[in-house]
Amino acid sequence: MTTYSKGSVESLVKFVKINFLAGRSFIDDADLQAQCTEWQDSDNCTRPSQATDVTPVTRLVEEVVKGYPLPKTAADYGFAEPGRVSTGALVAVLGNSYSVPIEHVGETVTVRIHRERIVIWHDAELLAEHARVPDGAHRRVVDPAHFAPLFGRKPRGQVMLYREALLGLGAVAQQYVSELSRRQRARLGTEVLAVYALYERCGAAELLAAMELAQAQGAFGAAYLGALISAPVAEAPPAPEATWLVLTDVPSQIEIDRQLSTYEAYVWALDVQHDLEPELVLNGEVRW
């Protein structure tokens, strides 16, 4: 935690200690919560602030119009860190770099570090919002649109930025773009620009699905991806209606299905007959 944010937190703790905790006693946690809620309502909604001569809840409405609403839950709260935009339009945050529009080079910014995203502000102006990557990974997280004013003078830089953004979509995109770069080297710039245009049009999920299918077919190029994305989804044919085969001149099922006792009686009769049949002996005698 920096000295700036540490001092801000300590000031808030000091305010609560002096204005709420001093001279109070609590029976249990429920009593603490009840007294805290009553104190918040009194200080925020009833008593005017000495600094502004209006209640904080009234001042909050004015501040929301000038800035932005405060998060409703702690899960969406972002820790504030000061930062500065480098000559490359990047802001260093926790061992990584995040881009902002190129026209803000050299400015001082406020970085809000959320659990899953990084939000960069200049005063009350939102400059950029990025998905947060693992801290200390030394990665550059770049939005190519932040460098659009330079594309007219540096077309190769545009291609490289778009290619970097596509590679950031994951393993499927990395494999496809790498093979595309190898096979289409002579016209790589045109291919990368076309693939990125598909990404902007249909989104990451649809583009990655097309890349995976095209790679399985050995088709590498923006035209193949565009055809796969534009192809209508084939509907499954309707299931045939069930039909019954009707046979004539055949015995009924009841006649075919016989009781097990019928077969048992038949086998028993054979055994008895076998026991009663005469056996021929070698000397020609008949013996029962």
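**Exercise 1.** In this predicted model, find how the residues lining the second largest pocket divide into nonpolar, polar and charged, and work out which element gives the largest share of that lining.

*Solution.* Begin with the lining as a whole, which is made up of 17 residues; these divide into 11 nonpolar, 2 polar and 4 charged. Next, look towards the centre of the pocket, where Val141, Val142, Glu164, Ala165 and Gly168 are the lining residues that lie nearest. Then turn to the elements: β6, β7 (140-141), α4 (155-167) and α6 (188-202) each give two or more residues to the lining, and the largest share, 4 residues, comes from α4. The space enclosed in this second largest pocket is about 450 Å³.

**Exercise 2.** Describe the sheet that contains β6, and state which residue of β6 is the bridge partner of tryptophan 121.

*Solution.* First write down the strand order, which is β1-β4-β5-β6 in an open sheet of 4 strands with antiparallel pairing. The strands β1 (79-84) and β6 (125-131) are the edges, since each of them pairs on one side only, and neighbouring strands are turned against each other by 25 degrees on average, direction ignored. Now follow β5 (residues 117-122), which is joined to β6 by 6 bridges; in β6, leucine 126 is the bridge partner of tryptophan 121.

**Exercise 3.** Decide whether cysteine 45 and cysteine 202 are buried, partly exposed or exposed.

*Solution.* The cut-offs needed are under 20% for buried and over 50% for exposed. Cysteine 45 has a relative accessible area of 45%, so this residue is partly exposed, whereas cysteine 202, at 19%, counts as buried. As a last step, note that the structure holds 0 disulfides.

Conventions: Residues numbered from 1 in each chain as written. Predicted model: local features only at pLDDT ≥ 70, side-chain atom pairs only at ≥ 80, totals over all residues. Heavy atoms only, no water. Pairing = 2+ DSSP bridges. Axes fitted to C-alpha atoms, helices over the stretch in contact; angles between N-to-C directions. Disulfide = S-S within 2.5 Å. Buried < 20%, exposed > 50% of the residue type's maximum accessible area, 1.4 Å probe, protein only. 1 Å grid on protein atoms, 1.4 Å probe; cavity = no way out; pocket = protein on both sides within 12 Å on 5 of 7 lines; lining within 4 Å. Points joined across faces, edges and corners; volume = space filled by probe spheres on them. Nonpolar A, V, L, I, M, F, W, Y, C, P; charged D, E, K, R; others polar.
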